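I opened this notebook to record what I looked up in one structure. The entries follow the order in which I consulted it.

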Amino acid sequence: MSVKIGIALGGGGARGLSHIGVLKALEEEHIPINYITGTSIGAVVGAIYAQNPSTDFLMERFKKILADEFNGQLGLNYLKTNSARNGSFLHHAAQKIKKRIVINLAQSRKALLKEVRLKNVLCKLIDEGMIEEAKIPLAIVATSLHTGDDVVFKKGDIITAVVASCSVPGFLSPVSLNDDLLTDGGVSCPVPVEFLREMGADISIGVEIGMREYHPLESVNIIDIIARSDMITSQNLARMMVNTADVAICPDTKDIQWSDFSRVDGLIESGKKFTRQKLPEIKRAIKMRCPWYKRVFLT
């Protein structure tokens, strides 16, 4: 009986491109992945890889869509801000007007961006079909806004499940499904390690992709304070969850914002680098799960 390895790919928007590097490093070492769980961007990467277990294919899919006006298709251009510390009076005035518009919209809309934008992008990344048809068993995690519980998809339409898992609160509309209202899996389960055991994994690898660097807030207002507080809470939860895995991989994602998809090569390389550092730990875990008579042949 061979050792079954599962990998939990965490949420974090654009920082999830480092998941590709993690999978590439494991592939180069001929370490097979038998189960995948994913939250948010981890669900996107996990779904593509589960359907087509090749990091070359994965990179090709992402790079093609990133080169094809990705931000405009998803609507991320609306979320861009000027991070310069010193702006003109008109710049600061414009920023305040934007925040006021957001507050006004919040009273009448579920989100800033429409769900259809996300679905259209995902249809270019992920093949249509059912979760249970994937070549590698896959679980996709979303969060119920009605109960606060994790909602784990192991079967059903793969695009619908990933849309639910990626619906960042406030930015993308929650998904109505089976009398429930589903939002980003990162709200309740940013690194879905716990479901790997249920699927049959002997060894769990968790990948956490939170921000590594915080900059002082340039302005102190309600929106910035709430956003920073939520970020800190989410990251602390992600760290707790990834440390429940047999092996935790935490690539250096620096200060990259969740909506900044401009540094794809650097993120992939960071994923590779940190996974290679963890290879002795992964191989040791594999060896310890093997029957004693097989261990003597493992280095």
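**Entry 1: Thr275.** I began with the contacts of Thr275; setting aside residues up to four places away in sequence, I found that Thr275 touches Val22, Ala25, Leu26 and Ile249. I note here that the model is a predicted one. I located Thr275 in helix 10. Is Thr275 buried or exposed? Its relative accessible area is 0%, so I entered Thr275 as buried.

**Entry 2: helix 1 against helix 10.** I next turned to the packing of helices. I recorded that two packed helices are described by the angle between their axes and the distance between the axes. For helix 1 (residues 18–28) and helix 10 (residues 264–289), I read an angle of about 45° and axes 7 Å apart. Helix 1 is therefore oblique to helix 10. I also noted that the crossing of helix 1 and helix 10 is right-handed.

Which residues make this contact? From helix 1, I listed Ser18, Ile20, Gly21, Val22, Lys24, Ala25, Leu26 and Glu28. From helix 10, I listed Leu267, Ile268, Gly271, Lys272, Thr275, Arg276, Leu279 and Ile282. Thr275 of my opening entry thus appears in this list, and its partners Val22, Ala25 and Leu26 appear there on the side of helix 1. By class, I found the residues of the contact of helix 1 with helix 10 to be eight nonpolar, four polar and four charged.

**Entry 3: helix 1 against helix 2.** I then examined helix 1 with helix 2 (residues 41–51), for which the axes are 10 Å apart and the angle is about 40°. Helix 1 is therefore oblique to helix 2. On the side of helix 1, I recorded His19, Leu23 and Glu27; on the side of helix 2, Gly42, Val45 and Tyr49. The residues of the contact of helix 1 with helix 2 comprise three nonpolar, two polar and one charged.

**Entry 4: Thr37.** I looked up Thr37 and found it in strand 2 (residues 35–39). Thr37 has 0% relative accessibility, so I entered it as buried. Which residues are in contact with Thr37, leaving aside its neighbours within four places in sequence? I listed Ile7, Ala8, Leu9, Ala139, Pro192, Phe195, Leu196 and Met199. For Pro192, I also noted that its backbone oxygen lies 2.8 Å from a polar atom of the Thr37 side chain. I further checked Thr37 against Ile140: the two are 103 residues apart in sequence, yet 5.8 Å apart in space, C-alpha to C-alpha.

**Entry 5: Arg228.** I placed Arg228 in helix 9 (residues 222–242). How does Arg228 count in terms of accessibility, and why? Its relative accessibility is 22%, so I entered Arg228 as partly exposed; buried would require under 20%. Not counting residues up to four places away in sequence, Arg228 touches Tyr214, His215 and Leu217. I computed no further pairs beyond Leu217, which is eleven residues from Arg228 in sequence and 8.6 Å from it in space, C-alpha to C-alpha.

**Entry 6: the chain as a whole.** I closed with the totals. The secondary structure of the chain comprises eleven helices and eight strands. Of its 299 residues, 47% count as buried, and I note Thr37 and Thr275 as buried. Among contacts between residues at least 6 apart in sequence, 78% join residues at least 24 apart.

Key:
Residues are numbered from 1 along each chain as its sequence is written. This is a predicted model: local features need pLDDT of at least 70, side-chain atom pairs count only at pLDDT 80 or more; totals for chains, interfaces and linings use all residues. Side-chain values use heavy atoms; hydrogens and water are left out. Axes are lines fitted to C-alpha atoms, for helices over the stretch in contact, and angles run from 0 to 180 degrees between N-to-C directions. Helices (H or I, at least four residues) and strands (E, at least two) are DSSP runs, numbered from the N terminus. Angles under 35 degrees count as roughly parallel, over 145 as roughly antiparallel, 65 to 115 as roughly perpendicular and the rest as oblique. A crossing is left-handed if the near helix is turned anticlockwise from the far one by less than a right angle, and right-handed if clockwise. Contact means heavy atoms within 4.5 Å. Ala, Val, Leu, Ile, Met, Phe, Trp, Tyr, Cys and Pro count as nonpolar, Asp, Glu, Lys and Arg as charged, and the others, Gly among them, as polar. Buried means under 20% relative accessible area, exposed over 50%, partly exposed in between (1.4 Å probe, protein chains only). A polar contact is a pair of N or O atoms within 3.5 Å; within protein, one must be able to donate a hydrogen and the other to accept it, and residues adjacent in sequence count only if both atoms are side-chain atoms.
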